[in-house]
Structure formats: structure tokens, C-alpha cells
Amino acid sequence: MTLKRIGILTGGGDCTGMNAVIRAITRVAVFQQGCEVIGIEQGFDGLIFNRVQELTTANTRDILPLGGTILGTTNKGNPFAYRELDENGVIQEHDYSRQALDNFKRLKLDGLFVVGGDGTLQIAYKLFEMGIPVIGIPKTIDNDLEGTDYTFGYQTATQVACDALDRLHTTGRSHQRVMILEVMGRDAGWIALEAGIAGRAHIILIPEIPYQMDKVLEKIKLRQGGGSPYSIIVVAEGAREVGHDEITLKSASTRLQGVKQYGGVGNYLAEQITRQIDLEVRCTVLGHTQRGGTPNCFDRVLGTRLGAYAVQAAVEGEFGNMVALKTPDISLVPLKSLAGIVRKIPLTSQLIRCAEDIRISLGR
Ligand code: F6P
């Protein structure tokens, strides 16, 4: 089919490489299809409340090296269950999906390109079922999306964590301290494990393997006994001690109430270690520095390839699919098949085996 007018939106937590997708979609759509491109602002909010801007090859020319998304994003605006406060200050959920569909029609779009993670792509699939021709584009720093080898944003985030570990080594060694680095990773520990291997961590704690405190202490003491009184620990925010729940924060935002916000496991560990070993412990929470900044080369290329392929897929009428990296190619995966599956690190993976073979403790 010939595309005359398409829409792009970016949803969920931002990551590097989103602008690479926006730029690639715009360029292929304009140069190959002579198509108009509409940027929908702030995730699905823009579709519900009709906030849009025109995208051209001129206004997307310089966005490739920019972090974040020029369209804005939100991880709160689900059109099927949109949370708002009523006049009594009570949260109410509204279904704005019909309004989103009406706006899609009013904008006269031939297709909607949705850049997002698990939650955003599930919403995209529901909109597809309502009749919106959708192509999904996977993103997340957590790399935990089913159906694709890698998501863009992940490599840049992992490099940020690796650089932080290199820095923690020099200060940790100088002061003979236990240095803890808390990284993102709610359900999957890809960032912690790969950054930990690259950044020479002594202990890596991931959500997939609940850790035993005595094993963590044992490794620190082993290093102490061997004449290395400093240790480097990298812990994913979703990691938990055996027999305990993950550590979460109470969300301040009304629209996020009931949604788990992670954070605090690093400080919890620091407290536990301090109580039991006579060493100084310091914790660094890397947080959103992993999501911001300039995308690395890999994430720029992956975002560009996914965006360009997404337009080809739309031209061929392949709506209801997500574009995915199946090394070395980009291919299509039905959005339906994702169904909220989180891609965790398989316990039998060579990566886990490799870490333990080189004597990194995974706290078990
Ligand atoms: O999904 C990506 C992610 O970076 C998670 O690892 C993290 O828990 C979450 O986003 C934090 O999102 P925010 O602070 O934007 O709500």
C-alpha cells in the first residue's frame, strides 16, 4: 500500500535510540513514500487529547545523537485505564480508547508506529484489535522484551554502568571499602550481569537468582582473607534476598499508585553488610543516568534499522507486528505473541555460567 500520512508515538520510560527510530521512520516515509509524518506527543496522551506536531526531514535532521525522545513520553497514560483524580481527590480510571481511535481517524493516518516496551506494546496491540493499523518498535534499557535479541537503549545503559564500576574500583580500592552499585532492571538482570562482568564486579545480584546474604558475606570475607579488603557489588534494583520481597518505593504520583517503583536494594544491602562485617560500605544508585545521554553506535544503528524496516513493513500491510532484531536481520514478530512476557536471563544461560566460572559470586 502507499502511505500518505502516518503517526509516530513513543511510550513508556525513555531510553537512548528513540530519536534514531523517529528520524529513520520520517526519512524513509518521506523519501520513499512522499508521505506526511505526524509526531504524537507524550505517548498515548497525545492520541487521546490530540496533541501532535509535524515531523519533517528538516526538523529530525539532527536528532540522531540526542538521548530521550523529541516527542516526549509517559509511563502513565494507558488509554484503556487512564487514571485521574475526581473532584473529591479520589483516583478514577477512565477508558479513553474510543477517543484515541476517533483522533486517529480524525488525523487521517494510514498507520501508527508505536515505540515502546512491554506495557506500551500491549496497549498498542489492544488498539490494533480495535482497528488501528499498528507497527510496534521495541525499546527498553532493561533488554527484557520477548521476541528480539536486543532492545536499543540497553547497550548504552550497560556502558554507563560499566564506566561507573571502573570508577568505583579506584575509589573502593583506595579506601578499602565495599562499594555497591545499584542499577536498573526490574524483572531481569541483563544490565547488572553484563556490566558486572565487563566492570570486574566481585558480586552480581540479579532478580533471576534470589541471593543468600551469607553467600554475599562469604565472598567479601574471602577477598578480605586473601588480602583484598575491598569488594565491588553490582545489584539490579529488582534483586531480592531469599525469603524476602523486592524492595520498592511508595510512589508519590497518583497516576502511578499501585504500580511498583523499584529502588533501595543497594542501601538495604549496605546496611546488612555493615552490621555483619567490620568494613566501610558505600552505595551508589545509578538510576536514570542509565537512561539519559547520548546513544552509543550500536543503539543508533539498531534504532535506525528498526525504524526503516518498520516503514517497509507498513507498506507491505504487515500491521499488528513488532519489528525485531533476529541477528543479523530485522524481522517481524506478531504483537499478540508477546502477551506481557518478560525476557529474563535463562538460569541455564552461558552468561550466568561464564560469570560463575570466572569466580564472580551471584550470591548463591
Ligand atoms: O523499564 C525501564 C526502567 O528503567 C526500569 O528498570 C525502572 O524500574 C523504570 O524504568 C523506572 O521508570 P520511571 O522512574 O521512569 O518510572
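Which side chain meets E280 in a salt bridge? The answer is R282, and the legends below come back to this pair after a look at the whole chain. Please keep in mind that everything shown here is a predicted model.

**Figure 1. The whole protein chain, with its ten helices and 15 strands.**
This opening view gives you the setting for the close-ups. The radius of gyration is 22 Å, close to the 21 Å that the globule rule gives for 364 residues, so the chain is as compact as a globular protein of that length. Along its principal axes, the C-alpha trace spans about 70 × 50 × 35 Å. Of the 364 residues, 54% are buried. If you count contacts with a separation of 6 or more, 72% of them join residues 24 or more positions apart. The chain exposes about 15,500 Å², and carbon and sulfur atoms supply 48% of that area. As for charge, there are 39 positive and 40 negative side chains, and the centres of the two sets lie 2 Å apart.

**Figure 2. E280 and R282, a salt bridge within a network.**
Here is the pair from the opening question. The N to O distance between the side chains of E280 and R282 is 2.9 Å. Salt bridges that share partners also bring in R177, giving one network of R177, E280 and R282. Are E280 and R282 buried or partly exposed? E280 counts as partly exposed, at 40% relative accessibility, and R282 is partly exposed too, at 36%. As a general reminder, side chains of opposite charge can pair when their charged atoms come close. The search of the whole structure finds twelve salt bridges, and two others get their own views next.

**Figure 3. R98 and D102, a salt bridge inside helix α3.**
Look along helix α3, which covers residues 97–106. R98 and D102 are four residues apart in this helix, and about one helical turn separates them. Their closest N and O atoms are 3.9 Å apart. R98 has a relative accessibility of 49%, which makes it partly exposed. D102 is partly exposed as well, at 31%.

**Figure 4. K260 and E246, a salt bridge that links two loops.**
In this view the side chains of K260 and E246 meet at an N to O distance of 3.5 Å. K260 sits in the loop between β11 (248–249) and β12 (261–262), while E246 sits in the loop between β10 (231–236) and β11, so the pair ties together parts that are 14 residues apart in sequence. K260 is partly exposed, with a relative accessible area of 43%. E246 is partly exposed at 24% relative accessibility.

**Figure 5. L306, a buried residue in helix α9.**
Now we move to helix α9 (residues 297–315), where L306 lies. How accessible is L306? Its relative accessibility is 0%, so L306 counts as buried. Setting aside residues up to four places away in sequence, L306 touches I137, P138, F152, V323, A324, L325 and I330. A20 is worth finding in this view too: the C-alpha atoms of L306 and A20 are separated by 9.1 Å, although the two residues are 286 residues apart along the chain.

**Figure 6. A cis peptide bond from T327 to P328.**
Follow the backbone into the loop between β14 (321–326) and β15 (329–334), where P328 lies. The peptide bond that leads from T327 to P328 is cis, and its omega is near 5°. For context, most peptide bonds are trans.

**Figure 7. Q176 and R359, two residues with a positive phi.**
Most residues other than glycine have a negative phi. Q176 is not a glycine, yet its phi is positive, at about 55°. You will find Q176 in the loop between α5 (154–175) and β8 (178–183), and at 42% relative accessibility it is partly exposed. R359 also has a positive phi, near 70°. R359 belongs to the segment after α10 (350–357). Where Q176 counts as partly exposed, R359 counts as exposed, with a relative accessibility of 61%.

Definitions and conventions: Residues are numbered from 1 along each chain as its sequence is written. This is a predicted model: local features need pLDDT of at least 70, side-chain atom pairs count only at pLDDT 80 or more; totals for chains, interfaces and linings use all residues. Side-chain values use heavy atoms; hydrogens and water are left out. The radius of gyration is taken over C-alpha atoms; the globule rule is 2.2 Å times the number of residues to the power 0.38. Buried means under 20% relative accessible area, exposed over 50%, partly exposed in between (1.4 Å probe, protein chains only). Contact means heavy atoms within 4.5 Å. Accessible areas come from the Shrake-Rupley method with a 1.4 Å probe; for residues, only the protein chains shown count as cover. Lys and Arg count as positive and Asp and Glu as negative; His and the chain ends are not counted. The place of a charge is taken as NZ of Lys, CZ of Arg, CG of Asp or CD of Glu. A salt bridge is a side-chain nitrogen of Lys or Arg within 4 Å of a carboxyl oxygen of Asp or Glu.
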